[in-house]
Amino acid sequence: MGGKSFGKAPDGGGSPGPGDCDGSGRERARRRGQGQLEAQVLAALHEASGPATAAWVQERLGGDLAYTTVMTILSRLHAKQAVTRERSGRAYVWVPAADEAGLAALRMRRVLDGEPDRDAVLTSFVAALSAHDEQLLRALLDRATADGPAPADAPATTGRPAAPMEPGTGPAPRRHHTSDEARGG
């Protein structure tokens, strides 16, 4: 049957491995992580020409996911403000509010929100940045300071890179921060 060894693990052992039979003759689907599923659902929504139903997303992903799984992922993305939804008859139609970069930023913010010592987490994060990433972060923080604070209900980022800043046109010199001490500054 297509060259697959049924009932054997990939290493030749007796238990089935991913993609092999589960002992009952049915082939198990390979498990994907939640982050991977969310990224695939967002990618499918970005391909849509407009608002899309969960059934359309399920079909776009090859149909190997249960409809309820697609609905769960869409609901999680909605809770994270990565997608929006509106009623269309008895169902919802879904629209992406963020791309993969925006979804990664939401996950980072959720991790940070779950930590009791935000200063220590941010200090460790900044200390581990490459020189290029540090420069980009400084430019983004300077721009955010110049633009004023973002509203709390602002939509997720689209992941588009910021335009480079012209020398001498940036805001006033940056303020001292505890993360500077971690970097020796």
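Which residue does arginine 107 form a salt bridge with? The partner is glutamate 38, and the closest N and O atoms of the two sit 3.9 Å apart. Keep in mind that this is a predicted model. That pair is one entry in a set of five salt bridges, and this briefing walks through some of them after a quick look at the fold.

**The chain as a whole**

- The protein chain has seven helices and two strands.
- Going along the sequence, the order is α-α-α-β-β-α-α-α-α.
- There are 185 residues in the protein chain, and 22% of them count as buried.
- About 12,700 Å² of the protein chain is exposed, with carbon and sulfur atoms supplying 54% of that area.
- Take the contacts with a separation of 6 or more: 45% of them are between residues 24 or more positions apart.

**Arginine 107 and glutamate 38**

- Back to the opening pair: arginine 107 and glutamate 38 have their closest N and O atoms 3.9 Å apart, and the cut-off for a salt bridge is 4 Å, so the pair counts as one.
- This bridge ties together distant parts of the chain, with arginine 107 in helix H4 (residues 100-113) and glutamate 38 in helix H1 (residues 34-47), 69 residues apart.
- The two ends sit in different surroundings: glutamate 38 is buried at a relative accessible area of 1%, whereas arginine 107 is partly exposed at 30%.
- Lys80 joins in as well, since Glu38, Lys80 and Arg107 are linked in a network of salt bridges.

**Glutamate 47 and arginine 60**

- Glutamate 47 pairs up with arginine 60 in another salt bridge, where the closest N and O atoms are 3.3 Å apart.
- Here too the link is between distant parts of the chain: glutamate 47 belongs to helix H1 and arginine 60 to helix H2 (residues 54-60), with their positions 13 residues apart in the numbering.
- Glutamate 47 is exposed, at a relative accessible area of 51%.
- Arginine 60 is partly exposed, and its relative accessible area is 44%.

**Arginine 118 and aspartate 113**

- Arginine 118 forms a salt bridge with aspartate 113, and their closest N and O atoms are 2.8 Å apart.
- With a relative accessible area of 37%, arginine 118 falls in the partly exposed class.

**A word on the pairing**

- Side chains of opposite charge can pair when their charged atoms come close.

Terms used. Residues numbered from 1 in each chain as written. Predicted model: local features only at pLDDT ≥ 70, side-chain atom pairs only at ≥ 80, totals over all residues. Heavy atoms only, no water. Salt bridge = Lys/Arg side-chain N within 4 Å of Asp/Glu carboxyl O. Helix = DSSP H or I, 4+ residues; strand = E, 2+ residues; numbered from the N terminus. Buried < 20%, exposed > 50% of the residue type's maximum accessible area, 1.4 Å probe, protein only. Contact = heavy atoms within 4.5 Å. Areas by Shrake-Rupley, 256 points an atom, 1.4 Å probe, with all protein chains shown as cover.
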